[in-house]
Every structure is written in C-alpha cells, then in structure tokens.
Amino acid sequence: MILRAAAAVFGKDLKTEWRTRVAINALLLFAFSVLVLVGYAVGPTRLTLEDRPVVNSVLLWIVLFFSAMTGLSRAFVNEEETGTAAALRLSAPPASVFLGKLLGNLALLGVVMAVVVPLFLALMSFGIAAPGLFFAVLALGGVGIAAASTFIAAIVSKTAAKGALFAVLATPLLLPPLVAAVTGTQIAATGPESAAGLDVVRLLFAYDGLMVTASFLLFDAVWRE
C-alpha cells in the first residue's frame, strides 16, 4: 500500500515536471552557469597539480549543493501553490508522500549529476584515481542532499519566505555530508581506495540512514500540521 501510493506520487511529480520542466531547467541552468564561471575563473591551467584535488573537490560539491538548493526546494511548494496539498493528504499516507517526493528529488539530482559531473571532470581536467570510491561518494552524497532537502521543503512550504528559510535550515543539516563528500572526492582523486576512503563511505551511509529514518518519523507531524 505504502509503496504503491509512493509510486503514484512519484509518477505524478514526474508527469508534472515533464510538462513544466521548471525544476530541472532551474537546476541545469544554474549548474551550467556556475560551471562556465568556474572554468573561466579557475580553470585547470591556473591550479598546480598539488592543489587540483582539494580545490576541484570543493568546487564540484559547491556546484552540486547550490544547484540542489535551486530546484529541490520546490518538492512541496508546488502542492501548496496549486492547492493540491489537501487532496494529497487525503489520498496518500504521509510515509508514501515523503517517499514519492524523495524519489522525485533523487531523480532530479541524478539527472543533474549525470550532466554536471562529466562536464566538470573534463572542464577542470580532474582525474579520478579511485572511480569506485568516487561514484560511491557521489551516490551517498546525493541521497543525503535529496533526503534533507525533501524534508526541509515540507517544513518551509507553508511559509512566506520559502527560499530564505530553506537555505537557513538546509545549510547546517547538509554541512556534515558535504564535508565528508569533499573529503571522499579528494581521496578518490589522489590515490586508490584506502581505509580513509572507506571511513568516508561509512560516514555518508550512516548520515543517509539517520536522515531518511528521522524524516520518515517526523514527516507525519510536519505534513499534517
């Protein structure tokens, strides 16, 4: 029942996004603009070989983080603006609503990552020595960003200053996984998989599990408030 309702919510969001393309266009446009700016201002030729892993790791996750802030906050805003939130509350249990919205945000972020990450690696001549670790960090970091963004979007959807409040609440929640993701990306760029890289993966996995579990437990109160 919960999975079927979540799939229905996810399918509805996909159809709505396919018709309007508001969130995906905002995400991709912002990400592309930042990529061009980063390539022009920094570029691979302006960094020493020693500085590239650190600087490029930070820049990559800055692009992904702010791109997520641009589009993922609209997960519940659309429901409130179009007046469909009440119908959604009646037609699906809270757990299904959150899971469907989370899957929708994961899909959006996955599309952005599929476009941005290869372009960034090519533009910045950013070599990856441990691709397995790199993709694990990308996947787990993306889940953490999507889970936290989805839950915070539900909190701020009824407020007047949605954008400002979303950024204020999201930054402290997302700072730990972002720091871990930057560290993991740096390790993946500088050498083969190591104990330090596996520790980062475990940390991100633990954060994702904690964030998703807490969101499911607290979402009922937030959604019905």
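This passage walks through a helix contact, some ring pairs and a salt bridge in a predicted model.

A good place to start is where two helices meet. Helix α6 covers residues 94-123, and helix α9 covers residues 195-224. Their axes come within 9 Å and cross at roughly 110°. That angle falls between 65 and 115 degrees, so α6 and α9 count as roughly perpendicular to each other. On the α6 side, the residues that take part are Pro94, Ala95, Val97, Phe98 and Leu99. They meet Ser215, Phe216, Phe219, Asp220, Trp223 and Arg224 on the α9 side. Sorted by class, this contact has 8 nonpolar residues, along with 1 polar and 2 charged ones.

Aromatic rings turn up in this contact as well. Across the whole structure, a search finds 5 aromatic pairs. One of them is Phe65 with Phe66, with ring centres 4.9 Å apart and 75° between the planes. The planes are over 60 degrees apart, so this pair is edge-to-face. The two partners can be told apart by their exposure: Phe65 has a relative accessible area of 9% and is buried, whereas Phe66, at 41%, is partly exposed.

Another edge-to-face pair brings the story back to the two helices: Phe98 and Phe216 sit 5.0 Å apart, centre to centre, with 75° between the planes. Here the pair links distant parts of the chain, since Phe98 belongs to α6 and Phe216 to α9, 118 residues apart. How accessible is Phe98, buried or exposed? With a relative accessible area of 0%, Phe98 is buried. Its partner Phe216 comes out at 31%, which makes Phe216 partly exposed. The ring pairing also takes in Phe219, and Phe98, Phe216 and Phe219 are linked into a cluster. These three residues are also among those listed where α6 meets α9.

Helix α9 has one more feature to show, this time involving charged side chains. The count of salt bridges comes to 1. Which residues form this salt bridge? Asp199 pairs with Arg202, and their closest N and O atoms are 2.8 Å apart. Both residues lie in α9, 3 residues apart, or about one turn of the helix. As for exposure, Asp199 has a relative accessible area of 44% and is partly exposed. Arg202 reaches 52%, and because anything over 50% counts as exposed, Arg202 is exposed.

Key
Residues numbered from 1 in each chain as written. Predicted model: local features only at pLDDT ≥ 70, side-chain atom pairs only at ≥ 80, totals over all residues. Heavy atoms only, no water. Salt bridge = Lys/Arg side-chain N within 4 Å of Asp/Glu carboxyl O. Helix = DSSP H or I, 4+ residues; strand = E, 2+ residues; numbered from the N terminus. Buried < 20%, exposed > 50% of the residue type's maximum accessible area, 1.4 Å probe, protein only. Axes fitted to C-alpha atoms, helices over the stretch in contact; angles between N-to-C directions. Parallel < 35°, antiparallel > 145°, perpendicular 65-115°, else oblique. Contact = heavy atoms within 4.5 Å. Nonpolar A, V, L, I, M, F, W, Y, C, P; charged D, E, K, R; others polar. Phe/Tyr/Trp six-rings, centres within 6.5 Å; stacked < 30°, edge-to-face > 60°.
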